[in-house]
Amino acid sequence: MKLQPGKGEPGAGGPGASIRAGLAASGLRRCGTAFSAAIMFLVFAVVPQFAQSPPYSGSTQVVVTSDRIPVSFKDTNRSIVVITQKEIREAPVHSVQELLSYVGGVDVRQRGPLGVQADVSIRGATFNQTLVLINGVPVNDPQTGHHNMDLPVTLDDIQKIEILRGAASSVYGPGAFGGVINIITKKGESDGALLSATWGQNGLRGTEGALSFNRGALGTRISASRTRDDGYRPGSDFDVKTAYWGGEWQNGQGHMDYTLGLLDKKFGANGFYTSLFPQAWEHTKTVLFSMGQEFQTSRWTFQPRLFWRRHTDRFLLDRNDPSFYENDHTTHSYGLQLQGMTRIAGTEFVAGGDFGGDSIRSNRLGDRTRSKSGVFVEDRAALTDRLNVVLGAYGYHYSRWGWHVWPGLDLGYQLTPALRPYLSVTKSFRVPTYTELYYADPVNKGNSELNPESAWSYEAGMRWQKRGGHGDLSVFRRDGRDLIDWIRYSDNSPWRAENTSTLRTTGAELDLTWLPRQVHPKALISRISFSYTYLHESHPSVNYQSEYLLAYLRQQAQFELDHAWTEHLSQDWSVSRRERVGFKSYTVVDTRLTWSLRHFSCYIQASNLFDASYEEIGNVPMPGRWITGGIRFTPRFGNSHFL
């Protein structure tokens, strides 16, 4: 199989174009040897210390939703990463997309800074194979996965982010092929306000305001922001506006929560889909609404939820001549979710279903609709005091492809108070996007005969924790069938969407986190974390060029350090090393220096401090050193502090 560095999915915004072939450099292997030696040292030096230490009952007690049944982080049987509100606030980033790039096993391929457009994948899957949720509601776009990260929330609106690495279709249904990202927003948990401003090189300027109210039974948060930039190179300017309204109401039946988010993005798209038209331009809009109610009977807890997402995408190949070439798409995704939880014979049992559909109106893809519905069950049982098992299955029906069922099994065993090995086996599933099915231009051809993708995934891991730190080591394998890729048989033939041959992905992940202040409250260092991911993909030898499936991160290492200089002055560091097949490897260092006093703070930040030259998508060079700064004012109302 010949590898072509990814340039962006044909038809996402405009027509594709041929791009250069590339092969991984021998330097990948040399760096791999060094990384492997470092990993072995860390494992043998650190794991025994964790194994002999008592467990820590602080942050590891965070409740996560890797299963339908909420469970504390320490009791999960999967590879989970939780990004807390404090970590979000202190990270040297300006967007969710940049923040996710710091997570081991998560591959974020940006076409510009501040998340103006980015493809996110997990464990070597493609950007179409990652399920993105906001408060449990799927926000994947049926037109193309390029729009999955069009999120109508800002970093300040987020309470926490949960990342499930690995397949999860038995829990979340279609789309959870490589992993799941669940963004959980604030809903007025406290009283307060936020006023912030950002400035930087390349004409960057941004403002944000938010109000939060809590009156016992009712909590509400409202925010609005705008960020603009003149561009770090021609055709890279952007203007992003966001508005959010979320809240929660404790009523006689239980509690109700609601979310309304709006996003409006205008941006230059030079090189995003082709290098031939530097005046390419795109305008997307996203509206997301969801409302859920939890209520209880004597034995059951019921959770119905209604949601609707509307997304528009207008692409011009030449912003100075709109009539030359234009794509105009509008998609709707909607549904009703219902689940009920209870205890049966000493086990925790959940069952439910969802009903909905997708539609699109497009001058290139036509006017199309498809309905979908599904039912699921999950049971969590403690077989012994130390061993528990989670069994689940999801059956899903599409109006075109009929019924498919995906089972899953998770096992966890508390080997010692500090060590928990776990095992997972599950089947995953994804249906083609409208672009893959119906897009057509002179150099790209969709395929209306595509079948859904499927895979069996296997994982074994060990989680360890103690006061002052925690870690996770896992190995995994995914055997994919009917995987969808854009391929061609010669340089002069068009790219065509096809169900390609089987593909096996194997890999390993290591995460280590030290939290010195949990042991020594006056320690200058608050957090040190390190993660490393290694991936390998094997496939039958074929005679065509591949657009996506093999442009994966072979090795990924991430180091983060948060420390204080004085009582009011702190600094946060991030060092990222990435080696992608078909691309030049690179290292990027980011840092933020923050001065805080009561409800006021200011910061200066350097992204790509040492001015590394690199690409994450073919034909789109990323920014060099970029200096930004900002101020934040967070007044307090009553006895609560707003973050």
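The chain contains five helices and 39 strands in this predicted model. Of its 643 residues, 60% count as buried. Contacts also link parts of the chain that lie apart in sequence: among those with a separation of 6 or more, 64% join residues 24 or more positions apart. Turning to the outside, the chain exposes about 24900 Å², and 59% of this area comes from carbon and sulfur atoms.

One part of that surface deserves a closer look. A nonpolar patch is formed there by L195, W199, W595, L597, F600, I631 and F633, which together have about 660 Å² of accessible area. Strand 11 (192-200), strand 35 (586-597) and strand 39 (626-633) are the elements that give two or more residues to this patch. Among the patch residues, W199 belongs to strand 11. W199 has a relative accessibility of 47%, so it counts as partly exposed, a class that lies between the buried limit of 20% and the exposed limit of 50%.

The interior offers a second point of interest. The structure holds 10 cavities of 30 Å³ or more, and the largest of them has a volume of about 320 Å³. A total of 24 residues line this largest cavity, with E98, Q110, D590, S607 and Y614 lying nearest its centre. At least two lining residues come from each of strand 5 (106-110), strand 34 (569-580), strand 35, strand 36 (600-607) and strand 39. Strand 35 and strand 39 therefore appear in both settings, giving two or more residues to the nonpolar patch and at least two to the lining of the largest cavity.

Definitions and conventions: Residues numbered from 1 in each chain as written. Predicted model: local features only at pLDDT ≥ 70, side-chain atom pairs only at ≥ 80, totals over all residues. Heavy atoms only, no water. Patch = residues over 30% accessible without salt bridge, like charges linked within 9 Å, V, L, I, M, F, W, Y side chains within 5 Å. Areas by Shrake-Rupley, 256 points an atom, 1.4 Å probe, with all protein chains shown as cover. Salt bridge = Lys/Arg side-chain N within 4 Å of Asp/Glu carboxyl O. Helix = DSSP H or I, 4+ residues; strand = E, 2+ residues; numbered from the N terminus. Buried < 20%, exposed > 50% of the residue type's maximum accessible area, 1.4 Å probe, protein only. Contact = heavy atoms within 4.5 Å. 1 Å grid on protein atoms, 1.4 Å probe; cavity = no way out; pocket = protein on both sides within 12 Å on 5 of 7 lines; lining within 4 Å. Points joined across faces, edges and corners; volume = space filled by probe spheres on them.
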